[in-house]
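Here is a short tour for anyone meeting this fold for the first time. Have a look at the sequence and the model, then read on.

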Amino acid sequence: MTGMLEQLDAEIRACARCADRLALHPVNPPRRLEKVLPRPVLSTPFSAAIMLIGQAPGLTEYDSGLPFQGQAGKDIRSFFAACDVRSDEFDRVVYQTSAVKCFPGRKANKDRWEDRPPDSKILQSCSGFLRSQIEIVNPHILVCLGGVAAKAVDDLRGRPGRKLGEIVGEVEEWGDRYIIFLAHTSRSSRFLNDEENRRRQSQAELRLKHAVGMLRDSGSLVRGSRHPSSVEAKLA
């Protein structure tokens, strides 16, 4: 498996399909006006029982080359810690990726700069890479963080896109794996200003905690045997 994932990583790193689109945007204006380069951010290759799918790398990830290193990474690690994945084991237990592999740059939003959401063409260019990662890593649990990640997985399943409020807190089966949908854990998320949406996020937390518990009890949280019977119980 590791060899196949290393080969896929090499293919992703060699990809320049979006170079022209990325070059339209500066890295971090007004301080860094150089154009964004195609610089894929990838997890260490390993087979994991849990795969976390985000939207796209941010500026910190662009500079470090590692996924979930900025504030979003701190927030999601805290969320997983509440679901009984310890901070010291997170990187060994959770394979981390994004719907888009390269940092899309920054954009102005009123009086501040923020990460630019990936456009549809960039998402389409990366969709095959995401599918291959899922197939090779072969996780039992997919955790979709935010609407872009959820839509990317829905597209892979041939399903129409849905509003975030329709799916946060839900668990769905996809073949022999489960998908858990989260709202973005960013402290600036306006979605979680709504009380009902916070309830949905709490439901997602409970379901992820339940899944982590089953994986740990079966001895497969750190990857060993594939889908033991104790993990076959319904998460929904």
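Let's begin in the sheet, with strands S3 and S7: these two run parallel and are joined by 4 bridges. One pair to look for is Leu 52 and Val 143, since Val 143 in S7 is the bridge partner of Leu 52. Keep in mind that this is a predicted model.

Val 143 is handy for finding the next strand too, as it also stands opposite Ile 180 in S9. S7 and S9 run parallel, with 5 bridges between them. Another link here is Cys 144, whose bridge partner in S9 is Phe 181.

On the other side of the pairing story, S8 (residues 171–174) meets S9 (residues 177–182) in the antiparallel sense over 4 bridges. Glu 172 sits opposite Ile 179 of S9, and Glu 173 sits opposite Tyr 178 of S9. S8 and S9 make a hairpin with 2 residues between them, and Gly 175 in the turn has a positive phi of about 65 degrees.

Here are the strand pairings described so far:

| Strands | Sense | Bridges |
|---|---|---|
| S3 and S7 | parallel | 4 bridges |
| S7 and S9 | parallel | 5 bridges |
| S8 and S9 | antiparallel | 4 bridges |

Now for the whole sheet. It is an open sheet of 5 strands in the order S4-S3-S7-S9-S8, with mixed pairing. Which strands stand at the edges? They are S4 (94–98) and S8 (171–174), and each has a single partner strand, so one side of each is left without a neighbour in the sheet. Neighbouring strands are turned by 25 degrees against each other on average, ignoring direction. Helix H9 (residues 195–217) packs on this sheet and touches S3 (50–54), S7 (141–145), S8 and S9. The direction of H9 makes about 145 degrees with that of S9.

Are the faces of S7 and S9 covered or open? In a regular strand, side chains alternate between the two faces of the sheet. For S7, Ile 141, Val 143 and Leu 145 are on one side, Leu 142 and Cys 144 are on the other, and all are buried, so both faces are covered. That makes 5 of the 5 residues of S7 buried, so the strand is largely enclosed by the rest of the structure. S9 tells a similar tale: Arg 177, Ile 179 and Phe 181 on one side and Tyr 178, Ile 180 and Leu 182 on the other are all buried, covering both faces. With 6 of its 6 residues buried, S9 is largely enclosed by the rest of the structure.

Finally, some empty space. Rolling a probe the size of a water molecule over the atoms shows where such space is left. The count comes to 2 cavities of 30 Å³ or more, and the largest cavity holds about 120 Å³ of space. Of the 15 residues that line the largest cavity, the closest to its centre are Cys 15, Cys 18, Cys 102, Cys 126 and Phe 129. Helix H6 (residues 120–137) gives the largest share of that lining, 4 residues. By class, the lining has 12 nonpolar, 1 polar and 2 charged residues.

Notes: Residues are numbered from 1 along each chain as its sequence is written. This is a predicted model: local features need pLDDT of at least 70, side-chain atom pairs count only at pLDDT 80 or more; totals for chains, interfaces and linings use all residues. Side-chain values use heavy atoms; hydrogens and water are left out. Two strands pair if DSSP finds at least two bridges between them. Axes are lines fitted to C-alpha atoms, for helices over the stretch in contact, and angles run from 0 to 180 degrees between N-to-C directions. Contact means heavy atoms within 4.5 Å. Buried means under 20% relative accessible area, exposed over 50%, partly exposed in between (1.4 Å probe, protein chains only). On a 1 Å grid over the protein atoms alone, a cavity is a set of points where a 1.4 Å probe fits but cannot get out, and a pocket is an open set with protein on both sides within 12 Å along at least five of seven lines; lining residues have an atom within 4 Å of a point. Grid points are joined across faces, edges and corners, and a volume is the space filled by probe spheres set on the points. Ala, Val, Leu, Ile, Met, Phe, Trp, Tyr, Cys and Pro count as nonpolar, Asp, Glu, Lys and Arg as charged, and the others, Gly among them, as polar.
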